[in-house]
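I opened my notebook for an afternoon of looking things up. Here is what I wrote down, entry by entry.

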Amino acid sequence: MLKKIVLTGACGALGTVLREPLSRMAETLLSTDIAAAPETLLPNETFVQADLAERDQIEPLMEGAEMVVHFGSYVDEGPFETLLGPNFIGAYNIYESAYHAGVRRVIFSSSVHSVGMYRANEGIDLDARHRPDTFYGLAKCFTEDMARMYWEKRGLETVSLRIFSCTPEPGNARALSTWLSYPDLVRLVSRSIDSPTVGYTEIFGISNNDRAQVSNAKASFLGYRPKDNAEDYADKVLGKGLKPDPQDPQHMCLGGPFAIVPLGESGVAMIRKMSEAAGD
Ligand SMILES: NC(=O)c1ccc[n+]([C@@H]2O[C@H](COP(=O)([O-])OP(=O)(O)OC[C@H]3O[C@@H](n4cnc5c(N)ncnc54)[C@H](O)[C@@H]3O)[C@@H](O)[C@H]2O)c1
């Protein structure tokens, strides 16, 4: 049992999934977000509202923490200036504060968008170089590189989880390859926390999907063994009659729609527009 875990992005979709399992892994869970506190807190959970971009708000949270589960960020493509505070400076504030407080390990929610411009059928593994599809992906690359540097220069460990599509169910044809179930997210984060040593490790955050397009073989020592498989939803998803254009770069690249969204423009808005046009 750890003494204290800090969870950023605690009010977000994935933070909400993680609060309860994390609270069972530590004596104290300190949850934080720029948003207001959740309505009810767990018995050993405290909540502090804080902006990642403000070092003086982040630093005090780290006192006595052994691990930081860093899931807070602006979660969309947007102008560089929009991402600069939460995603770039925010990540630096986490690493710098964690290091000075003697934190042992950070679990960082990276993204497929750090390698989003690779062709989906290239079959990349964890040796592939960064190839971001957006400023959002670029911030993930920046944080991954910073995390490796903090390990190599300062001995602060990190597991970077390159999450693909973490949703309750796979919602479209792409997600048959990219889905990460909520229970598998919990398995992934739990392994990242309870593995005795990780140094600096990257791992793709996907379930045990038959149609997975990337290989986690080089991180198998982490012991992450996903149990869910998007294939269980294939009939439902493909039954919607989706016929993706095979020439369309968004179906050819790992980053999906983010691979074609113009730099600085919202990918989430584009996805919404496309799914409305498809009658979803
Ligand atoms: N959901 C996915 O499929 C997916 C895929 C890849 C990566 N990720 C990553 O996982 C993490 C969590 O994603 P999510 O789906 O829960 O997103 P989310 O938008 O639901 O949650 C992000 C949280 O970060 C908080 N936040 C934003 N700016 C902040 C700031 N300046 N200071 C403090 N908190 C701030 C938001 O208030 C929000 O609660 C993110 O880092 C995201 O990039 C998610």
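**Entry 1: around the ligand**

I looked up the ligand's surroundings and found 24 residues around it, with Leu14, Asp33, Ser109, Tyr136 and Cys166 coming nearest. A residue is near a molecule if one of its heavy atoms lies within 4 Å of it. I noted that this is a predicted model, in which local features need pLDDT of at least 70 and side-chain atom pairs count only at pLDDT 80 or more, while totals for chains, interfaces and linings use all residues. I also noted that residues are numbered from 1 along each chain as its sequence is written, and that side-chain values use heavy atoms, with hydrogens and water left out.

Next I checked polar contacts (pairs of N or O atoms within 3.5 Å; within protein, one must be able to donate a hydrogen and the other to accept it, and residues adjacent in sequence count only if both atoms are side-chain atoms). In the side chain of aspartate 33, an N or O atom is 2.6 Å from an oxygen atom of the ligand. For tyrosine 136, a side-chain N or O atom is 2.4 Å from a ligand oxygen. Isoleucine 34 uses its backbone: an N or O atom there lies 3.2 Å from a nitrogen atom of the ligand.

How much of the ligand's accessible area does the protein cover? I found 82% of the 820 Å² that the ligand has on its own. These areas come from the Shrake-Rupley method with a 1.4 Å probe, and for residues only the protein chains shown count as cover.

I then listed the elements that give two or more residues to the shell: helix H1 (13–23), strand S5 (105–111), H4 and strand S7 (165–166). S5 gives the most, with three residues. Helices (H or I, at least four residues) and strands (E, at least two) are DSSP runs, numbered from the N terminus.

By class, I wrote down 13 nonpolar, eight polar and three charged residues in the shell. Ala, Val, Leu, Ile, Met, Phe, Trp, Tyr, Cys and Pro count as nonpolar, Asp, Glu, Lys and Arg as charged, and the others, Gly among them, as polar.

**Entry 2: rings**

I found seven aromatic pairs in the structure. Rings of Phe, Tyr and Trp (its six-membered ring) pair if their centres lie within 6.5 Å; planes under 30 degrees apart count as stacked, over 60 as edge-to-face and the rest as tilted. Phenylalanine 80 and phenylalanine 88 make a tilted pair, 5.1 Å centre to centre with 50° between the planes. Phenylalanine 80 also pairs edge-to-face with phenylalanine 135, at 5.7 Å and 70°. That pair links distant parts of the chain, from helix H3 (residues 80–101) to helix H4 (residues 135–154), 55 residues apart. Phe80, Phe88, Phe135 and Phe142 form one aromatic cluster.

Buried or partly exposed, I asked of phenylalanine 88? Phenylalanine 88 is buried because its relative accessible area is 10%, and buried means under 20%, exposed over 50% and partly exposed in between (1.4 Å probe, protein chains only). Phenylalanine 80, at 29%, counts as partly exposed, and so does phenylalanine 135, at 22%.

**Entry 3: a strand residue**

Last, I looked up alanine 26, which lies in strand S2 (residues 26–33). Alanine 26 counts as buried, at 1% relative accessibility.
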